[in-house]
Amino acid sequence: MLYGISPLISPDLLKVLMEMGHGDEIVLGDGNFPAASHAARLVRCDGHNIPDLLDAILKLFPLDSYVERPAALMQVVPGDTVETPIWETYRSIIRKHTGIEEPFEEVERFAFYERAKRAYAIVATGESALYANVILKKGVVKG
């Protein structure tokens, strides 16, 4: 335990966030995401939901201000009638930490999987919402 760092941020996750450089991406995968089979580096955060993790991470981690959309969501598959209210939750958390109003690009499902394979790390969570996967692009830490 450390002062100022959420207990949701495990030592493994903190190490990954510290290792990442400008432009590196990290995936927060929901409970259905094939994290273990896609990850170059896998961080387990089972039992935790993505909004809480996102809030904790964005206290430590700048989003890339040199790109138009520093976060990506998995598009709902055409014909799927599922609702995605969690996206508004993410938008609100990102707005709170960055001021960015429209942070997301939507990526087709299989393109999202391919991009996730190239990410610096994937965080496997216990998030139960559908289409809750999000990719974050790290920005520059200004001293």
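Ala, Val, Leu, Ile, Met, Phe, Trp, Tyr, Cys and Pro count as nonpolar, Asp, Glu, Lys and Arg as charged, and the others, Gly among them, as polar. The exercises below use a predicted model.

**Exercise 1. Sort the residues that line the largest pocket by class.**

Solution.
- Step 1: list the lining. It consists of D30, N32, F33, P34, M74, V77, D80, R109, Y113, L130, Y131 and N133.
- Step 2: apply the classes. Tyr counts as nonpolar.
- Step 3: read off the result. The lining has seven nonpolar, two polar and three charged residues.
- Step 4: add the volume. The largest pocket comes to about 170 Å³.

**Exercise 2. Describe the overall build of the protein chain.**

Solution.
- Step 1: count the elements. The protein chain has five helices and six strands.
- Step 2: put them in order. From the N terminus, the run is α-β-α-β-α-β-α-β-α-β-β.
- Step 3: check the radius of gyration. A compact globule of 143 residues would have a value near 15 Å, and the protein chain has 14 Å, which agrees.
- Step 4: take the dimensions. The C-alpha trace spans about 45 × 30 × 25 Å along its principal axes.
- Step 5: look at burial and contacts. Of the 143 residues, 44% count as buried. Take the contacts between residues at least 6 apart in sequence: 84% of them join residues at least 24 apart.

**Exercise 3. Place strand β6 among its partners and give the directions of its side chains.**

Solution.
- Step 1: locate the strand. Strand β6 covers residues 134-137.
- Step 2: pair it with β1. Strand β1 (residues 25-29) runs antiparallel to β6, and four bridges join them. V27 stands opposite I135 in β6.
- Step 3: pair it with β3. Strand β3 (residues 71-74) is also antiparallel to β6, with three bridges. Here A71 stands opposite L136 in β6.
- Step 4: sort the side chains. V134 and L136 point one way, I135 and K137 the other. All of these residues are buried.

**Exercise 4. Why is helix α3 largely enclosed by the rest of the structure?**

Solution.
- Step 1: count burial in residues 50-58. Eight of the nine residues of α3 are buried, so the helix is largely enclosed by the rest of the structure.
- Step 2: name them. They are I50, P51, L53, L54, D55, A56, I57 and L58.
- Step 3: find what surrounds them. The buried residues pack against α1 (11-19), β1, β2 (42-45), α4, β5 (121-125) and β6.
- Step 4: take A56 as a case. A56 has a relative accessible area of 5%, so it is buried. Leaving out residues up to four places away in sequence, A56 touches S6 and I9.
- Step 5: compare sequence and space. A56 and K117 are 61 residues apart along the chain, and their C-alpha atoms are separated by 24 Å.

**Exercise 5. Buried, partly exposed or exposed: classify R91 and E114.**

Solution.
- Step 1: set the cut-offs. Buried means under 20% relative accessible area, exposed over 50%, and partly exposed lies in between.
- Step 2: take R91. It is found in helix α4 (residues 86-98). Its relative accessible area is 17%, so R91 is buried.
- Step 3: list its contacts. Not counting residues up to four places away in sequence, R91 touches E101, E102, P103 and F104.
- Step 4: take E114. It is found in helix α5 (residues 109-118). Its relative accessible area is 38%, so E114 is partly exposed.
- Step 5: add a distance. E114 and H38 are 76 residues apart in sequence and 8.3 Å apart in space, C-alpha to C-alpha.

Notes: Residues are numbered from 1 along each chain as its sequence is written. This is a predicted model: local features need pLDDT of at least 70, side-chain atom pairs count only at pLDDT 80 or more; totals for chains, interfaces and linings use all residues. Side-chain values use heavy atoms; hydrogens and water are left out. On a 1 Å grid over the protein atoms alone, a cavity is a set of points where a 1.4 Å probe fits but cannot get out, and a pocket is an open set with protein on both sides within 12 Å along at least five of seven lines; lining residues have an atom within 4 Å of a point. Grid points are joined across faces, edges and corners, and a volume is the space filled by probe spheres set on the points. Buried means under 20% relative accessible area, exposed over 50%, partly exposed in between (1.4 Å probe, protein chains only). Helices (H or I, at least four residues) and strands (E, at least two) are DSSP runs, numbered from the N terminus. Two strands pair if DSSP finds at least two bridges between them. The radius of gyration is taken over C-alpha atoms; the globule rule is 2.2 Å times the number of residues to the power 0.38. Contact means heavy atoms within 4.5 Å.
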